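Please read the following report alongside the sequence and the coordinates. It deals with a sheet, its helices and one residue.

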Amino acid sequence: MSTAARSALDLQWSLVVPVKVLARAKTRMSGAAGPLREPLALAVATDTVAAALRCDRVRTVIVVTDDPLPAADLAALGARVVPDVPDAGLNPALVHGAGRGRELAPGAGVGALSADLPALRPLELARVLDAAARAPEAFVPDAAGTGTTLYTARPGVPFAPAFGADSRAAHRARGAREILLPGTDSVRRDVDTLDDLRAALALGAGPRTSAVAARLPALA
């Protein structure tokens with residue numbers, strides 16, 4: 001194995017996870033989740049962050065949120081929580097969080113991870129991060145094939161996420177390497193709809209998401 005390859009495998013990461021104010025989260029599931037929409041959003045984010053913190057490639061998880069409830073819960077897990085100081089949309093919030101990550105760990109790579117990955121498996125995340133370490137910028141497309149669940153930049157590389165509509169195409173256009181590894185479905189399975197939630201549960205969602213999902217009449 002080359003020195004560069006060994007260095008890539010040794011790279012640690014600071015991951016930025018944006019968490020919406022719960023009142024605005026999971027709105028596409030309002031009909032299916034009803035009064036459990038906000039608890040479900042919190043459960044999904046909590047399972048995502050908990051899994052990321054268990055990944056041995058992850059040095060720090062930085063949560064960007066202005067909601068005190070997830071801020072407290074996720075800080076209790078061990079995440080660093082920062083407010084959305086730019087208050088100018090998702091990508092500026094991620095850049096703000098990444099700046100904090102580089103302050104905390106200058107030698108680490110930085111990544112933006114979706115908060116909607118309740119089936120995330122630490123070993124699958126580690127495989128993806130090892131692949132990402134071999135490129136200046138990289139990204140993982142979502143299960144639908146149009147969005148992005150993870151964007152990364154190596155140390156010293158400008159952190160320039162392009163989340164939003166058709167972010168898969170946007171990240172490709174910026175020259176980021178697309179990572180599609182077999183056996184990493186949990187890193188791609190974000191949850192926006194009831195069908196997405198069913199798919200995450202089939203993969204094996206985390207305990208908090210599973211507990212809330214068990215209370216949804218739509219899944220009875």
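The sections below describe the sheet, the helices that pack on it, and one tyrosine.

## Basis

This is a predicted model, in which local features need pLDDT of at least 70 and side-chain atom pairs count only at pLDDT 80 or more, while totals for chains, interfaces and linings use all residues. Residues are numbered from 1 along each chain as its sequence is written, and side-chain values use heavy atoms, with hydrogens and water left out.

## Sheet

Seven strands (DSSP E runs of at least two residues, numbered from the N terminus; two strands pair if DSSP finds at least two bridges between them) form an open sheet of mixed pairing, in the order 3-2-1-4-6-5-7. Strand 3 (80-82) and strand 7 (177-178) stand at the edges with a single partner strand each, so one side of each is left without a neighbour in the sheet.

Strand 1 (residues 13-18) runs parallel to strand 4 (residues 109-113), and four bridges join them; Trp13 stands opposite Gly109 in strand 4.

## Helices

Helix 6 (residues 122-132; helices are DSSP H or I runs of at least four residues) packs on the sheet, touching strand 1, strand 2, strand 5 (137-141), strand 6 and strand 7, where contact means heavy atoms within 4.5 Å.

## Tyr151

Tyr151 lies in strand 6 and, at 0% relative accessibility, counts as buried (under 20% relative accessible area, with a 1.4 Å probe and protein chains only). The C-alpha atoms of Tyr151 and Phe163, 12 residues apart in sequence, are 8.8 Å apart in space.

Key:
Axes fitted to C-alpha atoms, helices over the stretch in contact; angles between N-to-C directions. Buried < 20%, exposed > 50% of the residue type's maximum accessible area, 1.4 Å probe, protein only.
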